[in-house]
Structures are given as structure tokens and as C-alpha cells.
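Please open the structure in your viewer and keep the selection panel at hand. The tour below goes from one selection to the next and says what is to be found at each stop.

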Amino acid sequence: MLLVILVVKPIWAFEVPDFDGRVTDKAGLYSQEFKNQLEEKLAKIDSETRAEVAVLTINKLPDAYIEEYSVKVFEKWGIGKAKEDNGVLLVIAKEDREVRIEVGYGLEGAITDGRAGEIIRNEIIPQFKLDNYELGTMAGVEKIEKYIKGEIETTTLISSTTNQVASFVDNFKILTLGFLFLIYMASFFARTKEFVAGGIVGFLLGIIFGNLVVGIILAVVGLIFDLTLSKRGIGINRLRNVRSPWVWKNSGWKSGKSLGSGGFGGGRSGGGGASGKW
């Protein structure tokens, strides 16, 4: 136990600022006008959603990672309603050029690690790189608000992913069936000892799936393919004995219809969220 204390204590051996309000600007990044505006925005989020969002800016991190620092601030301030843990903390370390969105347990479904990272990358960092700290902070807070309120459609991403998977499956089916068809046709062509059949099959496939030009091109390809197999006798016996791992009658390719000492209520964070640098 003593060893554990000796190992863990240095990690947490740093102080965090006292709670000064929803916006604690220790780095002096904001004008008083913007600070008041941001305070009003965060208060409105609280009244409309019961979620508690806080912003902390500091000049430099202590001897700790921003993730460790953010968790300690989150717990000391008790961000989020008690038993709901619906808090979010935005930490900005100016000299370290690091930013962190710390998310309470209760909001991890709405603001996943991926979404927190997206907010940092797309909303906050581009403005911070231009020293537009007020614009970047407000953009990040507004995106956080939209996720909390469920105003951002997640079905678009889900639908896009589903369509990509479905497209991959369909293409895989086509390639697999095409490969099997090629094997069986090669076996047939090799057995016929004639090359006319290849031209006929190629021409018909071209007409069905394309047009006359495609039909002529595939007819020539089919003739060459059939002629090569017939003359060389390539795999006549081997191709005849090929057994596909998919048996046609048993094929699975069927189409289916187929806040503590702080000013909040005492929420907790499990380390969810994301960090970034600019």
C-alpha cells in the first residue's frame, strides 16, 4: 500500500485553481465582455439541459499531463449534477498550447471521445492557431451544446458507415460470384476444345451489361481466353475438379428482405473526452 501511495501521490501532487465561476480565466485570454457573454451561454445550457459546462484557462500546466490535471479540476469543482454526472470541462493551457475537453460519466454517450476530438480539431484549434481564443472557445462551447441537446444528427454518420459496409459486401459478393463464374467457364472452355464459345459468351455478357461496343470487346477477350485454354489444355482436369468453398445450392448469398468544493453539484468524470495541441 505504501508503494502505491508513493507512486500515485506525485501524479496528483499539484494544486488546481479555486472555482471562480463557470468561466475561470486565469490566463487572461478573454475580454470582460466576452467572459460575461460566455457565462450567460453556459448558464443557459444549464437551465435548458441541466448539463453543467465550465471553462478554465491557465497559463501553464503544472508537472502533470493535461488529462490528469483536467480530472482533478473536474472532481474538485464537482462539475455536473449530483448522481447525474452531466458535466463538461474545457481546459485551455496557453503556454503549453494544449486543450482538453473532460466529460462526465453522464454525458459520455452524447459527447464521445471521438466527438470531443472532432470539436477540438475542427472548432477550437483552427481559431487558436490564429490567436482567436474567444472565437475558438465559443465555437467549441456551441458544438458541445448541440451534442448535449441532440441537435446534431448522428444518423448521418451511422447511415454513411452502414452504406459503406453494404457497398463493400455487395462488391465482395459480385467479385466472389465473378471469380467462381470465371473458374467454371474456364473449365467449360477447356473441355470444349473450341474457342467459339468464349466469343459468344463474351459478346452476350457485353450486350447484357453494356452495349454493342462492350459486347464486341468482350467477344474478342472471350475468344482469346477460350483459345488459350483450349490450345494449352490448361487445367482441364484440375479445373474440372475445382470445388468452390461455396456450394451453389447452399450459398449464403441470399438477398434478404432480407460540483464538491466548487460551485457545481458534484459530478464525476471517468477520464472521458479528448485532448489536442495547436
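What follows is a walk around one helix, its two helical neighbours and one residue elsewhere in the chain. Bear in mind throughout that this is a predicted model.

**Stop 1: the helix H5.** Select residues 133–149, which make up helix H5, and place a distance between the C-alpha atoms at its two ends: they are 24 Å apart, which agrees with the 24 Å that 17 residues should span at 1.5 Å a residue. Now colour the buried positions of H5, among them Tyr-133, Gly-136, Met-138, Val-141, Ile-144, Tyr-147 and Ile-148, and note that Lys-143 and Glu-145 also belong to this buried set. To see what these buried residues pack against, add helix H2 (32–49) and helix H4 (113–128), together with the strands S2 (52–58), S3 (87–93) and S4 (98–104). Just after H5 comes Gly-150, whose phi is positive, near 75°.

**Stop 2: H4 against H5.** Keep H5 on screen and show H4 beside it; the two helices pack at an angle of about 160°, with their axes 7 Å apart. Because angles over 145 degrees count as roughly antiparallel, H4 is roughly antiparallel to H5. The crossing of these two helices is right-handed. On the H4 side, select Arg-115, Glu-118, Ile-119, Glu-123, Ile-124, Gln-127 and Phe-128, which meet residues of H5 including Tyr-133, Leu-135, Ala-139, Lys-143 and Tyr-147. Coloured by class, this contact shows 8 nonpolar, 4 polar and 4 charged residues.

**Stop 3: H2 against H5.** Swap H4 for H2, and how far apart are the axes of H2 and H5? They are 11 Å apart, and the packing angle is about 5°, so the two helices are roughly parallel to each other. H2 contributes Phe-34, Gln-37, Leu-38, Lys-41, Leu-42, Ile-45, Glu-48 and Thr-49 to the contact, while the H5 side includes Glu-134, Met-138, Val-141, Glu-145 and Lys-149. By class, the contact of H2 with H5 has 7 nonpolar, 3 polar and 6 charged residues.

**Stop 4: Ser-70.** Finally, move to helix H3, residues 66–77, and select Ser-70 within it. Is Ser-70 buried or exposed? Its relative accessibility is 0%, and Ser-70 therefore counts as buried. Setting aside residues up to four places away in sequence, Ser-70 touches Leu-89, Val-91, Arg-100 and Glu-102, so show these four side by side with Ser-70 to complete the tour.

Methods
Residues numbered from 1 in each chain as written. Predicted model: local features only at pLDDT ≥ 70, side-chain atom pairs only at ≥ 80, totals over all residues. Heavy atoms only, no water. Helix = DSSP H or I, 4+ residues; strand = E, 2+ residues; numbered from the N terminus. Expected span 1.5 Å × (residues − 1). Buried < 20%, exposed > 50% of the residue type's maximum accessible area, 1.4 Å probe, protein only. Contact = heavy atoms within 4.5 Å. Axes fitted to C-alpha atoms, helices over the stretch in contact; angles between N-to-C directions. Parallel < 35°, antiparallel > 145°, perpendicular 65-115°, else oblique. Left-handed = near helix turned anticlockwise from the far one by under 90°. Nonpolar A, V, L, I, M, F, W, Y, C, P; charged D, E, K, R; others polar.
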